[in-house]
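Let's take a friendly walk through the aromatic rings of a protein and see how they meet. Have the structure open as you read.

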Amino acid sequence: MFAKLARTGALIAAIGVAGCNDSSMKDFAPEANKPLPDKILADMKAKGMVRTSSVMARIFKEEGKLEIWKAKTNGRYDLVATYDICKWSGKLGPKYTEGDRQAPEGFYTVRPSQMNPRSHYHLSFNIGFPNAYDRANGRTGQNLMVHGACSSSGCYSMTDAQIEQIYAFGRDAFEGGQTEFQIQAFPFRMTAANMARYRNDPNYEFWKMLKVGYDNFEITKVPPKVDVCEKRYVFNQVAPEGTTFDPTGPCPATTQPDSLKTAYADYEKRYDAAFKAAVNSSTPPPKPTIAGIKEASLVSDWSKRRARGERVPIEPPSMNADGSVTETTRMGRIDSPLGRKMAALDAEKEAKRKAEEQRLAAIAAAKAAKEQAKAQAVAEKEAAKQAAQQPVVTAGVETAPAQPAQEVQAADADQGTVSKLKKKLLGMFGG
């Protein structure tokens with residue numbers, strides 16, 4: 001059964017492959033010709049693999065891993081190498097639109113024309129986005145790659161040393177006769193525990209569809225035959241002779257080997273039990289995921305404005321679970337006349353704001369100084385008045401405070417009047 005699936009195309013899978021032949025090899029960059037390390041070749045031999053046998057790859061975003069699987073002499077695949085992904089762009093979840101900075105998820109096919117041995121990123125290959133599924137669902141984007149240089153804006157980026165080995169796996173497989181290769185890109189290892197963690201995520205239905213292909217490989221250890229109909233992936237389905245799979249049309253009546261159906265049913269039974277147990281157990285919290293086309297459109301608009309050289313936040317916007325948008329206030333670089341003009345306007349606006357703040361601060365300071373001087377004058381006057389009313393102490397003798405001159409004169413005048421009246425009365429009575 002597995003050999004039959006391989007003959008229908010399921011075995012054609014690889015990663016980092018250069019389309020080459022004996023004559024074209026002379027034109028490749030030296031890094032594209034480096035042989036695999038002796039240790040890897042020895043491990044392959046021990047597992048029943050030959051250097052030129054077929055290869056495929058699996059990518060797991062959350063775990064940050066890229067796996068290389070290689071066909072053994074019995075037709076089944078085995079893991080031969082695992083690499084830590086240096087960088088991948090965006091969040092968990094598929095790529096929706098050009099500029100959303102999402103690294104794709106799904107099943108992709110790479111052919112020799114998609115390889116670039118002279119890449120600005122050391123070595124690279126285009127993974128083939130958009131594929132039939134992406135196009136059927138209106139998803140857009142281009143130049144999505146696996147490459148070196150450890151720099152990513154929607155790609156899967158490796159170190160230069162890693163991409164040299166990945167490239168060599170593909171190159172050797174092409175030498176052995178492969179004509180195209182499969183890359184399976186997943187948000188995470190699609191175990192029952194991980195699926196339970198993300199069961200409430202908006203991308204969950206998409207991931208459940210990918211999981212069918214993941215499960216088919218786990219069961220058979222043969223890359224699944226991938227088709228698209230009714231705008232969804234279908235795996236290891238055989239259409240009647242004379243019919244085809246239309247990505248946007250209805251799926252044809254299909255058949256599947258009985259042995260595969262039985263194996264898949266047993267696998268699903270074990271999975272369901274594990275899923276129920278995982279739902280009721282404590283698991284690590286989910287990682288951030290893209291909130292569908294709405295968030296993708298926000299990031300895409302940010303990317304377009306950034307590409308035009310506009311002043312935009314240094315990081316793209318992010319949509320929260322409640323629908324609100326988080327955007328950093330730190331602005332990015334200026335790399336165009338428009339960007340420099342916008343920066344100059346921002347600087348002018350900031351200078352005016354600071355000047356106004358300084359003007360208002362000066363006015364406030366002058367007002368405060370005036371109020372302080374006024375309060376000090378009032379205090380001094382009150383102090384002088386109180387000092388004048390205090391008794392004067394001289395050599396231990398307390399004397400009344402000196403009266404003002406006008407008060408003294410008035411008192412003398414009153415005393416003179418009384419004296420004259422007394423003399424007159426004494427004269428009248430013989431005194």
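A residue is called buried when its relative accessible area is under 20%. Keep that cut-off in mind for this model, which is predicted. By it, F60 is buried, and F186 is buried too.

What do these two rings do with each other? A pair of aromatic rings is described by the distance of the centres and the angle of the planes. For F60 and F186 the centres are 5.8 Å apart and the planes meet at 20°, so this pair counts as stacked, since planes under 30 degrees apart fall in that class. Now trace the backbone: F60 belongs to strand 1 (residues 55-60) and F186 to strand 10 (residues 181-186), so the contact ties together parts that lie 126 residues apart in sequence.

Next, turn to Y271 and F275, which make a tilted pair, with 5.9 Å from centre to centre and 40° between the planes. Here the partners are sequence neighbours of another kind: both sit in helix 7 (residues 258-279), and because they are four residues apart, about one helical turn separates them. Y271 and F275 are both buried. Y271 has a charged partner as well, as K211 lies over its face at 3.6 Å from the ring centre.

Stepping back, the model holds 17 aromatic pairs. Ring pairs join F60 and F186 with F107, Y133, F206, Y214, Y233 and F235 in a cluster. One of its members, F206, also has a charge over its ring: the charged end of R139 sits there, 5.3 Å from the centre.

How values were computed:
Residues numbered from 1 in each chain as written. Predicted model: local features only at pLDDT ≥ 70, side-chain atom pairs only at ≥ 80, totals over all residues. Heavy atoms only, no water. Phe/Tyr/Trp six-rings, centres within 6.5 Å; stacked < 30°, edge-to-face > 60°. Helix = DSSP H or I, 4+ residues; strand = E, 2+ residues; numbered from the N terminus. Buried < 20%, exposed > 50% of the residue type's maximum accessible area, 1.4 Å probe, protein only. Lys NZ or Arg CZ within 6 Å of the ring centre and 35° of its normal.
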